[in-house]
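Please open the model in your viewer and keep the selection tool at hand. The stops below say what to select next and what is there.

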Amino acid sequence: MASLSLGLNLSRKKTVCRSAAVERKNLITVCRFSVKTLIDRSCFETIDDSSPEFINFASILEQILSHRLKGQFTWFGYESPRSFWDYVRVACVKVPHNCICSIENMENVGSSRAKGRAWIRVALMEKRLSEYISTALRDFKTTRRFYEDGAILLGEEANMLAGTLLGLNAIDFSFCLKGGGLDGNFPAVIDYTPYLKFTQSSDSISSDEEELRTLGSSGSEGSTPENIGPPFNMDENSWYNKCKRVEQKYRLTLEQKGYLEELVRLREAQLSESVSQNKLLLQRIEDMDLAQKMEKEQLEYIIVELQDQLKNFQSLDQISADVLSQSSLNPGQSQDGDGKHDGLSLLSEGKEDTPSLLGLCGSLTSVASYKSLTSLKSSEYLASPTTEMTSPGLTPS
C-alpha cells in the first residue's frame, strides 16, 4: 500500500508539472503570435483600443503577468486576490522617468486591475513596455515575493517574453485612457481562434489536385469536354494559394525587419552611451594623473628648498656661537666689537626667507633658531663701541 500511494503521488506530481509547463508554453507561444499579428496590422492601420489584435494581446499579457500571482493575506488570515499592478508598481519604480505615479493619480481609474490595464497602454505608447518588463525581472527578490513557484516570470520563459515585447517598440499606438477598456470588473479572456487556423501545405494541395484529376479521369466514358472544368479551377486555386503564401512570407520578413531595426537602434544607443562614459572616465584619469604629477613635483621642490634652508640655518647658528664665545672671552677690546659687527653683518647677509616657503609652510620667523639669530642684532648681547667707552673700567681716574 505504501508503494502504491508513493507511485500515485509521483504520478500526480508529474501531471501537475506537465500541466504547468504546458500552460506556460501556451501563453508564451500565443503572446508571440499576438505580437506578430499586431505588427502585421500596424502596416495597414493605426492600432487603438478598438483593434481586435490589441484587445487579444492585452488579455494575453494580463494573463501572463497574473500567472501564479500570490494572494494578499488579510488580518483574519484569509487570502484575497491580487492584481499584477501591485507587482508592477513596486518592481518598475526603478525605471527612469516611469509612469507609475501618473497612473496612481488618475481620477477615472479606481481599481487595481484598471490601473494595470492603463499601465499597459501607457507603456506601449511610450514604446517602453519591454524596458519595464526587463527592469521588473531583474528585481528577482521582489518577483519571488509576489509570485509562486512555477510562475512564468520566475522561469526561463520570462527572458523570452522580454525579447518578444521588444518588437512592439516599432508600432505607434493610440489609446484613450478614459474608455471602457480599462474597466476592471471583468477578467481578461483570450481569443484563441485567430491562432488556430489551419494552413494547408503545398504538398497537401498538390496531392489533393492529383486525387481530383484521378477521380475526373475515372468517370464515365460518355463525359463531355465540359466536365474538364474542375482541374482548371484547381489550378487557379493553386495560384491563389501560392500568392497567399508569398504574401505571408513577405509580411513575416517585414515583421522581422522591423524587429531587427529596433534592436539595432537600441544596441547603437547603448554603444554610444558606453563610449561616452568611457571617454569621460579616461579624461578623468588623465586629469588625476596630471594633478598627481604636479603635486609630486611641487612637494619635491619644497623638500629641496627646506633642506637648503636648514643647512643655512645650521651655518648661521655656528657663526653666532663663535661670535658669542669670542665676546665672552675678550669683553674690553673694541676690535672685538668690530668683529661682532662683522658677525652681525654675516648674520644679516644670510639667506633670506623664501617667499614660496613663507606662503606654503608659514612664516619662518616662528622657528626658534631664527629668533635666536635676530636677537643677536640687538644691543643686549653685543656691546657697542659707545658702551665700551663709557664703561667704569675704562674711564680715567
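On this tour, a residue is called buried when its relative accessible area is under 20%, exposed when that value is over 50%, and partly exposed in between. Please bear in mind throughout that this is a predicted model.

**First stop: helix α6**

Select residues 129–138, which form α6, and colour Leu129, Ser130, Tyr132, Ile133, Thr135, Ala136 and Leu137, the residues of this helix that are buried. With 7 of its 10 residues buried, α6 is mostly covered. What do the buried residues of α6 pack against? Show α2, α3, α5, α7 (140–146) and α8 together with α6, for these are the helices that its buried residues pack against.

**Second stop: α6 against α8**

Keep α6 in view and add α8, residues 157–165. The two helices, α6 and α8, pack at an angle of about 160 degrees, and their axes lie 8 Å apart. Because angles over 145 degrees count as roughly antiparallel, α6 is described as roughly antiparallel to α8. The crossing of α6 and α8 is left-handed. To see the contact itself, display the side chains of Leu129, Ser130, Ile133, Ser134 and Leu137 on α6, and those of Ala158, Leu161, Ala162 and Leu165 on α8. Sorted by class, the contact of α6 with α8 has 7 nonpolar and 2 polar residues, and no charged ones.

**Third stop: the nonpolar core**

Now widen the view to the largest nonpolar core, which has 57 residues, and pick out Phe57, Trp119, Leu129, Tyr147, Leu165 and Leu168, the residues with the most contacts inside this core. Helices that each supply at least two residues of the core are α1, α2 (52–65), α3 (84–91), α4 (100–104), α5 (112–125), α6 and α8. In soluble globular proteins, nonpolar side chains tend to be buried together.

Centre the view on Trp119 and, leaving aside neighbours within four places in sequence, look for the residues in contact with Trp119, among them Leu65, Phe84, Trp85, Val88, Ile100 and Ile103. Leu129, Tyr132 and Ile133 are also in contact with Trp119, and these three are among the buried residues of α6 seen at the first stop.

**Fourth stop: two loops**

Move to the loop between α3 and α4, where His97 lies. Is His97 buried or exposed? With a relative accessible area of 74%, His97 is exposed. Its phi is near 55 degrees, a positive value in a residue other than glycine. Most residues other than glycine have a negative phi.

Next select Lys127, found in the loop between α5 and α6. Lys127 likewise has a positive phi, near 60 degrees, and at 31% relative accessibility Lys127 counts as partly exposed.

**Fifth stop: Ile55 and Asp40**

Select Ile55, whose place is in helix α2, and which counts as partly exposed at 45% relative accessibility. Not counting residues up to four places away in sequence, Ile55 touches Asp49 and Ser50. If you draw a distance between the C-alpha atoms of Ile55 and Ile190, you should find a separation of 8.7 Å, although the two residues are 135 residues apart along the chain.

Finish at Asp40, which lies in helix α1 (residues 2–42). At 17% relative accessibility, Asp40 counts as buried, and, not counting residues up to four places away in sequence, Asp40 touches Arg251 and Glu255.

Key:
Residues numbered from 1 in each chain as written. Predicted model: local features only at pLDDT ≥ 70, side-chain atom pairs only at ≥ 80, totals over all residues. Heavy atoms only, no water. Helix = DSSP H or I, 4+ residues; strand = E, 2+ residues; numbered from the N terminus. Buried < 20%, exposed > 50% of the residue type's maximum accessible area, 1.4 Å probe, protein only. Contact = heavy atoms within 4.5 Å. Core = buried A, V, L, I, M, F, W, Y, C linked by side-chain atoms within 4.5 Å. Axes fitted to C-alpha atoms, helices over the stretch in contact; angles between N-to-C directions. Parallel < 35°, antiparallel > 145°, perpendicular 65-115°, else oblique. Left-handed = near helix turned anticlockwise from the far one by under 90°. Nonpolar A, V, L, I, M, F, W, Y, C, P; charged D, E, K, R; others polar.
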